[in-house]
Amino acid sequence: MNIHSELKKITTHTLQKMKEAGEKISMITAYDFSFAKLFDQAGIEIILVGDSASNVMAGHETTLPITLEQMIYHAQSVVRGIERCLVVVDLPFGSYQGNSKEALNSAIRVMKETGGHSVKLEGGEEVVESVKRIVGTGIPVMGHLGLTPQSIYKFGTYTVRAREEAEAAKLKRDALLLQEAGCFALVLEKIPALLAKEVTESLHIPTIGIGAGGNCDGQVLVMHDMLGINTEFKPRFLRQYLNLSVQINMAVKQYITDIKSKDFPSEKEQY
Ligand code: KIV
């Protein structure tokens, strides 16, 4: 029996207990009602309404264009689909970087308008004041360090972060600062596995890795990548569990054939 099998809803407290018990945490992105329902029913602990919606739902090259209104729409749809898991909603680029009051206002909008359970924002020292202010109002915050896609124009590339000593040292400091500021968990994206292990062991809050090795307290993948809907993105860290793009292509081709050949609808499929 695992640590939360008797509990109805996953909370930040459940995640803390899971870390303490050494039970790994599962997290996946979702952006709509139907997939959120499927993932919740499958037993996922956390659904992230990621700003990756900007890429996989809206077709933008980066996460920068998505707006707070659009994130709220996705989060509302996800929350309608779930009964048990914890919903984390990304604060999009431009909705929190201005100052801590702006960050708080955006977090409050997400909580009031979506029914989500927490927010996530990217960055270390620079967002600590905002994290404190949001957590101070009772809103749980997840941090995000390493490859932070909202800063892609600063990095210039999506390659592994913090390979160099100076960046690794800053990441370790930032992780501790975010924990002190009150974050309930941290995403560590695309950093060396050894660094992620060190950070995970130095914190009492859980770390959730994506391309950060097996020693994080949990793992997250973007649903379109792990289900094989998006086939152009094949980084080394990705495990693809389905090949949905091929199956969908075959199904729709068959549907077209059946319509053209007048096989569909049959007598049994009409009134
Ligand atoms: O937006 C997102 O999907 C994310 C994950 C990659 C962690 O932030």
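User: Which helix holds Ile 259, and how is a helix defined here?

Analyst: Ile 259 lies in helix 11, residues 244–260. Helices are DSSP runs of H or I with at least four residues, numbered from the N terminus. This is a predicted model, in which local features need pLDDT of at least 70 and side-chain atom pairs count only at pLDDT 80 or more, while totals for chains, interfaces and linings use all residues. Residues are numbered from 1 along each chain as its sequence is written, and side-chain values use heavy atoms, with hydrogens and water left out.

User: Why is Ile 259 called partly exposed?

Analyst: Buried means under 20% relative accessible area, exposed means over 50%, and partly exposed lies in between (1.4 Å probe, protein chains only). Ile 259 has a relative accessible area of 41%, and is therefore partly exposed.

User: What makes Ser 52 a polar contact of the ligand?

Analyst: A polar contact is a pair of N or O atoms within 3.5 Å. An N or O atom in the side chain of Ser 52 is 2.5 Å from an oxygen atom of the ligand, so the pair meets the definition. For Asp 90 the value is 3.1 Å, again to a ligand oxygen, and for Lys 120 it is 2.9 Å.

User: What share of the ligand's accessible area does the protein cover?

Analyst: The protein covers 96% of the 260 Å² that the ligand has on its own, with areas from the Shrake-Rupley method and a 1.4 Å probe.

Notes. Helices (H or I, at least four residues) and strands (E, at least two) are DSSP runs, numbered from the N terminus. A polar contact is a pair of N or O atoms within 3.5 Å; within protein, one must be able to donate a hydrogen and the other to accept it, and residues adjacent in sequence count only if both atoms are side-chain atoms.
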